[in-house]
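Grab a coffee and have the structure open in your viewer. Here are some short exercises, each with a worked solution.

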Amino acid sequence: MKKAYKNLEEVILCILLTILVCVSGLQVIARYLFNNSLTWSEELCRYLYVWTGFITISFVIKKGTIIKIDTLLLFLPEKLKKLLDVITSLISLAVVSILFKNAILIVQKAMASGQTSAAMKLPMWIVYMGPAIGFLLAIIRLAEHLVFLFMKRKEES
């Protein structure tokens, strides 16, 4: 269970990207070999791209590879670097929490509307769950990072 949690984003992304590649490949084969386009494949691929984009947010937070300008950090003392890490993590957590709250509101509105996608007739709330899940995972990974920073700080004291 611990290994599954540790690699959660990687597993989800591998599954989504595998489906994306297979469906895209199937579309190419159907279009060029059989001269028959699949009506649902483009829509599914678009939704999978959205999901992978939002799951990737959590992945880069977990890996610590979020885009940041760290030139200034090279010249700061170690204590100030750690303080800035905590501050930026708290700000990120606040922003992602607000985004998560709004993503949940959008999912609720989509559920209430009963709207479905054009080609696949997929309930749109499923599509809108991608951002909500991505932001929730990002909140969890940011909280983990903050706990790690505070635990590390206690050990150093």
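The exercises below go through helices, ring contacts, a pocket and two loop residues.

Before you start: this is a predicted model, where local features need pLDDT of at least 70, side-chain atom pairs count only at pLDDT 80 or more, and totals for chains, interfaces and linings use all residues. Residues are numbered from 1 along each chain as its sequence is written, and side-chain values use heavy atoms, with hydrogens and water left out.

**Exercise 1. Check the span of α3 against its expected value.**

Step 1: Helices here are DSSP runs (H or I, at least four residues), numbered from the N terminus. The expected span is 1.5 Å times one less than the number of residues.

Step 2: α3 has 23 residues, so it should span 33 Å. Its end C-alpha atoms sit 32 Å apart, which agrees.

Step 3: Try α4 too: its 36 residues reach 52 Å from first C-alpha to last, close to the expected 52 Å.

Step 4: Look just past each helix. Gly64 follows α3 and has a positive phi, near 75°; Gly114 follows α4, with a positive phi near 75°.

**Exercise 2. Find the aromatic pair and work out its geometry.**

Step 1: Rings of Phe, Tyr and Trp (its six-membered ring) pair if their centres lie within 6.5 Å; planes under 30 degrees apart are stacked, over 60 edge-to-face, and the rest tilted. That rule gives one aromatic pair.

Step 2: The ring centres of Phe54 and Phe135 are 5.4 Å apart and the planes meet at 75°, so call this pair edge-to-face.

Step 3: Phe54 belongs to helix α3 (residues 41–63) and Phe135 to helix α5 (residues 124–156), so the pair ties together parts 81 residues apart in sequence.

Step 4: Now check accessibility (buried is under 20% relative accessible area, exposed over 50%, partly exposed in between, with a 1.4 Å probe and protein chains only). Phe135, at 9%, is buried, while Phe54, at 25%, is partly exposed.

**Exercise 3. Describe the largest pocket and its lining.**

Step 1: On a 1 Å grid over the protein atoms alone, a pocket is an open set of points where a 1.4 Å probe fits, with protein on both sides within 12 Å along at least five of seven lines; lining residues have an atom within 4 Å of a point.

Step 2: The largest pocket has a volume of about 1,100 Å³, taken as the space filled by probe spheres set on the points, which are joined across faces, edges and corners.

Step 3: It is lined by 33 residues, and the closest to its centre are Asp85, Val86, Thr88, Ser89 and His145.

Step 4: α3, α4 (78–113) and α5 each give two or more residues to this lining, and α4 has the largest share, with eleven. Val86 and Ser89 are also among the buried residues of α4.

**Exercise 4. Which loop holds Asn35, and is Asn35 buried or exposed?**

Step 1: Asn35 is in the loop between α2 and α3. Its phi is positive, about 55°, although it is not a glycine.

Step 2: With a relative accessible area of 72%, Asn35 is exposed.

Step 3: Repeat for Lys121, in the loop between α4 and α5. Its phi is positive, near 60°, and it isn't a glycine either. At 56% relative accessible area, Lys121 is exposed.
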